[in-house]
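Please work through the exercises below with the sequence and the structure open beside you, and try each task before reading its solution.

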Amino acid sequence: MSRPLLLVPTAMERERLIAAFAHRGGVGQWQIELCGFGVIAAAALTTRHLIRHRPDHVVLAGIAGTLHPDIAVGSAVWFSEVLCDGIGVGGEFGDPFISASELGWSQVNLPGAEDGNPIEISDRLPLMLPTTVTPDSSPLERASSLLTVCAASASPAMAACRRERARDQATADLVAEDMEGFAVATACRLANVPLSIIRGISNIAGDRDHRRWEIDLAIDRIAERLARDLPPFQTTV
């Protein structure tokens, strides 16, 4: 019988998440695996885990930096889509960045998939939201975009620049920056497995002073949201 698969980028995040789950009765029926740090490792290891476990649903969880003034450090956010930044031309030394889609290229363009439909992946992929997100939820709960980057923003100015240049590709507010989401989403799309992404907001994107980061609080918020929003994580009374 297939089990849902929870992917976490690093051992640090996994250990802290398991500890947070322990206070809520354990992790239920979910399999937890590391997907690695960064886009390359995340794509490769996600593919490996999909082949090994053959899950019916994947959730990616970990920390991220906020790009939005209404998304506070210490909160957790589900995303309705994930975008890719940095695949294209330019973007360094003052040169303008042109994304793959703006160049007219797809990152993936396969003529046929298992279901007979072609697969085309450009710079944006939709995600599955939990059923607890309803029309009555706040706008940012119903629709939020996650921006995946190869290197985390080194300054608030860099984070703002990335948010601005990705704005036209997004169908929702860009609220956070991570380094694995789009890679995991690509692997799941190729395998035709639904993916949900939740990120705990540990810092403001571009703030490299770890004294201001709230990693433990962000991961605890992830555990709270998973326990509330995904039944397999709920404590058995």
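The exercises that follow concern charged pairs and a surface patch in a model that is predicted.

**Exercise 1.** Determine which parts of the chain are tied together by the salt bridge of Glu81 and Arg124.

*Solution.* Begin with the contact itself, in which the side chains of Glu81 and Arg124 meet at 3.2 Å, N to O, a value that satisfies the cut-off of within 4 Å for a salt bridge. Next, place the partners: Glu81 belongs to strand S5 (residues 81-84) and Arg124 to strand S10 (residues 124-126), so the pair ties together parts that are 43 residues apart in sequence. Finally, consider accessibility, for Glu81 is buried with a relative accessible area of 2%, whereas Arg124, at 37%, is partly exposed.

**Exercise 2.** Find where Glu224 and Arg221 lie, and state how many residues apart they are.

*Solution.* The side chains of Glu224 and Arg221 form a salt bridge of 3.3 Å, N to O. Both residues lie in helix H7 (residues 215-229), where they are 3 residues apart, about one turn of the helix. Glu224 is partly exposed at 34% relative accessibility, and Arg221 is likewise partly exposed, at 28%.

**Exercise 3.** Identify the residues that make the nonpolar surface patch, and decide whether Ile98 is buried, partly exposed or exposed.

*Solution.* The patch, of about 370 Å², is made by Val89, Ile98, Leu103 and Trp105. Of these residues, Ile98 is found in strand S7 (residues 98-99). Because its relative accessible area is 34%, Ile98 counts as partly exposed, a class that lies between under 20% for buried and over 50% for exposed.

Technical notes
Residues numbered from 1 in each chain as written. Predicted model: local features only at pLDDT ≥ 70, side-chain atom pairs only at ≥ 80, totals over all residues. Heavy atoms only, no water. Patch = residues over 30% accessible without salt bridge, like charges linked within 9 Å, V, L, I, M, F, W, Y side chains within 5 Å. Areas by Shrake-Rupley, 256 points an atom, 1.4 Å probe, with all protein chains shown as cover. Helix = DSSP H or I, 4+ residues; strand = E, 2+ residues; numbered from the N terminus. Buried < 20%, exposed > 50% of the residue type's maximum accessible area, 1.4 Å probe, protein only.
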